[in-house]
Amino acid sequence: MRMKPQIIAALDVESRVEALKLVSTLREKIDYFKVGSRLFTAEGPGLIEEIQEAGVSVFLDLKFHDIPATVAGAVRAACGLGVRMLTLHTAGGVEMMKAAAQSAREASSRSGRQRPLLVGVTVLTSMSREDLSDISLYPGEVDELVTRRARRAREAGLDGVVASVREAARIRSECGDGFVLVTPGIRPAGAAAGDQKRTATPAEAARAGADYLVIGRPLYQAASPAEAAEAVLRELE
Ligand code: C5P
């Protein structure tokens with residue numbers, strides 16, 4: 001049987017002060033905190049170190065998408081920060097993903113630090129089929145594109161992918177048990193969907209084979225983030 005999934009709390013807040021407050025409220029219950037482009041752009045890499053000093057792990061979600069040499073350099077820099085997991089966009093292509101994987105291996109063997117997990121973003125969970133065909137002329141189903149990108153990510157040497165719960169079971173069966181599945185778009189019963197189009201409950205995500213559940217607004221916008229986290233943990237038991 002698979003281990004029950006771990007929660008990653010998304011720190012999609014405005015400032016360092018708000019982020020550190022959320023970390024200190026949740027760190028007894030949650031081991032991973034996700035820093036995305038909003039907070040990183042506002043506060044910079046120093047905040048990553050402050051969060052790690054609280055004894056928790058950082059998932060750096062900057063969705064790198066650029067030419068291979070640039071992404072390799074960004075991955076090297078992220079390894080230097082000591083983050084445990086980071087994202088790059090599978091739409092950047094196989095060569096870009098291979099360069100990223102190699103860069104992470106080299107950086108960790110040089111520093112002796114544990115290599116972070118590299119996970120590929122497949123299709124953003126806020127994208128519908130209409131959005132996709134509008135922006136890329138891709139005529140097919142979203143889940144086919146997600147699964148194809150997941151296979152390419154695995155072939156290129158990434159550790160796993162970010163995908164919605166809806167595609168998780170299919171990716172799990174095609175890419176195998178060791179492939180890391182990170183699922184955002186998680187909404188405990190009663191929580192608002194917001195801009196997410198493909199949502200699921202924590203229990204559904206666990207049943208679909210997710211390893212990590214990324215949860216943002218249902219935690220940081222809750223009247224009590226600690227109670228909201230507690231409720232998700234109970235649902236996963
Ligand atoms: O607030 P909410 O729970 O919707 O937050 C989901 C988080 O997961 C956000 O930080 C978003 O950037 C991230 N994410 C996503 N879809 C992806 C990859 C990351 O929603 N495919």
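Two exercises with worked solutions follow, one on a strand and its neighbours and one on a pair of helices.

The model is predicted, with local features requiring pLDDT of at least 70 and side-chain atom pairs pLDDT 80 or more, while totals for chains, interfaces and linings use all residues. Residues are numbered from 1 along each chain as its sequence is written, and side-chain values use heavy atoms, leaving out hydrogens and water.

**Exercise 1.** Describe the surroundings of strand E7 (residues 180-183), strands being DSSP runs (E, at least two residues) and helices DSSP runs (H or I, at least four), numbered from the N terminus.

*Solution.* Begin with the side chains: Val180 and Val182 lie on one side and Leu181 and Thr183 on the other, and all are buried, that is, under 20% relative accessible area with a 1.4 Å probe and protein chains only. In a regular strand the side chains alternate between the two faces of the sheet.

Next, take the pairing, which requires at least two DSSP bridges between two strands. Strand E6 (residues 160-162) pairs with E7 in the parallel sense over 3 bridges, with Gly160 opposite Val180. Strand E8 (residues 212-215) also runs parallel to E7, joined by 2 bridges, and Tyr212 is the bridge partner of Val182.

**Exercise 2.** Determine how helix H1 (residues 16-26) lies against helix H11 (residues 225-236).

*Solution.* First, the axes, lines fitted to C-alpha atoms over the stretch in contact, come within 9 Å and cross at roughly 50°. H1 is therefore oblique to H11, since oblique covers angles that are not under 35, over 145 or 65 to 115 degrees.

Finally, Leu22, Thr25 and Leu26 in H1 meet Pro225, Ala226 and Ala229 in H11, contact meaning heavy atoms within 4.5 Å.

Notes
Buried means under 20% relative accessible area, exposed over 50%, partly exposed in between (1.4 Å probe, protein chains only). Axes are lines fitted to C-alpha atoms, for helices over the stretch in contact, and angles run from 0 to 180 degrees between N-to-C directions.
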